Amino acid sequence: MRRLLVLLSCLLMVSHALAGTKVELVTNMGTLEVELNDQDAPATVANFLRYVDDGSYNGSIFHRLIPEFVVQGGGFNTDYKKLPTYSSVVNESNNGLKNQTGTLAMARTQDPNSATRQFYINLNDNQSLNGGRNAGYTVFGKVTLGDDILTKMAKVPTGMNMTLRARDVPQQDIVLQQVRRLNDSQVSQ
């Protein structure tokens with residue numbers, strides 16, 4: 001019995017050590033918890049955590065919503081003004097992680113190495129966004145709590161926004177009120 005308890009304790013410690021950094025995304029529609037994949041996307045996770053740790057995701061919005069595709073945010077405030085960025089991060093899309101429902105990935109321009117602060121959550125399995133012969137979009141985490149909140153977000157009506165000169169903009173603000181780490185097992189550099 002004692003050996004079994006020791007074995008279980010060891011397994012719990014190993015599983016905790018292998019678990020990625022957890023982050024809470026408190027929105028005006030509810031709270032999401034995400035687990036970041038520090039091992040397979042280390043540069044991308046470190047980049048994302050810079051914005052988490054400096055507090056600059058707080059008060060930003062999800063500015064793009066395409067039901068059955070993605071909800072994208074982190075780059076604009078509620079006045080649709082672009083937020084400051086750090087240097088771009090190297091593309092890690094060939095890390096084996098796939099753009100599947102509930103995963104987080106970095107938004108970017110045509111340049112594969114242009115991702116800065118904007119990220120998206122996949123609302124569907126989006127194979128066309130995966131890496132392959134060409135660079136894809138780097139997946140770096142997954143939603144572990146709050147699928148009901150994603151469903152609620154996906155139902156917000158969208159339309160054209162002349163400030164952004166963009167379609168697919170939620171007609172009701174979806175605000176990231178607070179973004180913070182839930183565990184400190186990994187510390188960004």
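Trainee: Leaving out residues up to four places away in sequence, which residues does Gly131 touch?

Mentor: Gly131 touches Ser93, Asn94 and Gly136 when those close sequence neighbours are not counted. Keep in mind that this is a predicted model.

Trainee: Where does Gly131 lie?

Mentor: Gly131 is in the loop between E6 and E7. Now look at its partner Ser93. Gly131 and Ser93 are 38 residues apart along the chain, yet 5.1 Å separates their C-alpha atoms.

Trainee: How do I read the contacts of the protein chain as a set?

Mentor: Take contacts between residues at least 6 apart in sequence. In this chain, 68% of them join residues at least 24 apart.

Trainee: How many helices and strands does the chain have?

Mentor: The secondary structure comes to 3 helices and 10 strands. Follow the sequence and the order is α-β-β-α-β-β-β-β-β-α-β-β-β.

Trainee: What share of the residues counts as buried?

Mentor: The chain has 189 residues, and 45% of them count as buried. The exposed area of the chain is about 10,300 Å². Carbon and sulfur atoms supply 50% of that area.

Trainee: How do I read a helix?

Mentor: Start with the general idea. An α-helix has 3.6 residues a turn, so residues three or four places apart point the same way. Now take helix H3, residues 147-154. Its buried residues are Ile149, Leu150 and Met153. Seen down the axis of H3, these fall within an arc of 100°, so they line one face of the helix.

Trainee: Which residues are exposed on the other side of H3?

Mentor: Asp147 and Asp148 are exposed there.

Trainee: Which strands do the buried residues of H3 pack against?

Mentor: They pack against E1 (22-27), E2 (30-36), E3, E4, E6 (119-122) and E7 (139-145).

Trainee: Show me a residue in another helix. Is Asn47 buried or exposed?

Mentor: Asn47 sits in helix H2, residues 42-53. Asn47 counts as buried because its relative accessible area is 5%, and the cut-off for buried is under 20%. Beyond four places in sequence, Asn47 touches Ser87, Val89, Met106 and Thr116.

Trainee: Where does Thr116 lie?

Mentor: Thr116 is in the loop between E5 and E6. Thr116 is buried too, with a relative accessible area of 19%. Setting aside neighbours within four places in sequence, its contacts include Asn47, Tyr51, Ser87 and Met106. Thr85, Tyr86, Ser88 and Ala107 are also among them.

Trainee: What should I look for in backbone angles?

Mentor: Look for exceptions. Most residues other than glycine have a negative phi. Tyr80 has a positive phi of about 60°, although it is not a glycine. Arg165 also has a positive phi, near 55°.

Trainee: Where are Tyr80 and Arg165 found?

Mentor: Both are in loops. Tyr80 is in the one between E4 and strand E5 (103-106). Arg165 is in the one between strand E8 (158-161) and E9. Tyr80 counts as buried, at 17% relative accessibility. Arg165 counts as exposed, at 71%.

Trainee: Now the empty spaces. How many cavities of 30 Å³ or more does a search of the whole structure find?

Mentor: The search finds 1 cavity of that kind. A cavity is a space where the probe fits but cannot get out, while a pocket is open. The largest cavity holds about 50 Å³ of space. Its lining includes Thr44, Val89, Met106, Arg108 and Gly136. Val89 and Met106 also appeared among the contacts of Asn47. By class, the cavity lining has 6 nonpolar, 4 polar and 1 charged residues.

Trainee: What volume does the largest pocket have?

Mentor: Its volume is about 370 Å³. The pocket is lined by 20 residues. His63, Gln72, Lys82, Thr109 and Gln118 lie nearest its centre.

Trainee: Which strands each supply at least two residues of the pocket lining?

Mentor: E3 (60-66), E4 (70-77) and E9 (166-170) do so. E9 gives the largest share, 3 residues.

Trainee: How does the pocket lining divide by class?

Mentor: The lining has 6 nonpolar, 8 polar and 6 charged residues.

How values were computed: Residues numbered from 1 in each chain as written. Predicted model: local features only at pLDDT ≥ 70, side-chain atom pairs only at ≥ 80, totals over all residues. Heavy atoms only, no water. 1 Å grid on protein atoms, 1.4 Å probe; cavity = no way out; pocket = protein on both sides within 12 Å on 5 of 7 lines; lining within 4 Å. Points joined across faces, edges and corners; volume = space filled by probe spheres on them. Helix = DSSP H or I, 4+ residues; strand = E, 2+ residues; numbered from the N terminus. Nonpolar A, V, L, I, M, F, W, Y, C, P; charged D, E, K, R; others polar. Buried < 20%, exposed > 50% of the residue type's maximum accessible area, 1.4 Å probe, protein only. Contact = heavy atoms within 4.5 Å. Areas by Shrake-Rupley, 256 points an atom, 1.4 Å probe, with all protein chains shown as cover. Arc of directions from axis to C-beta.
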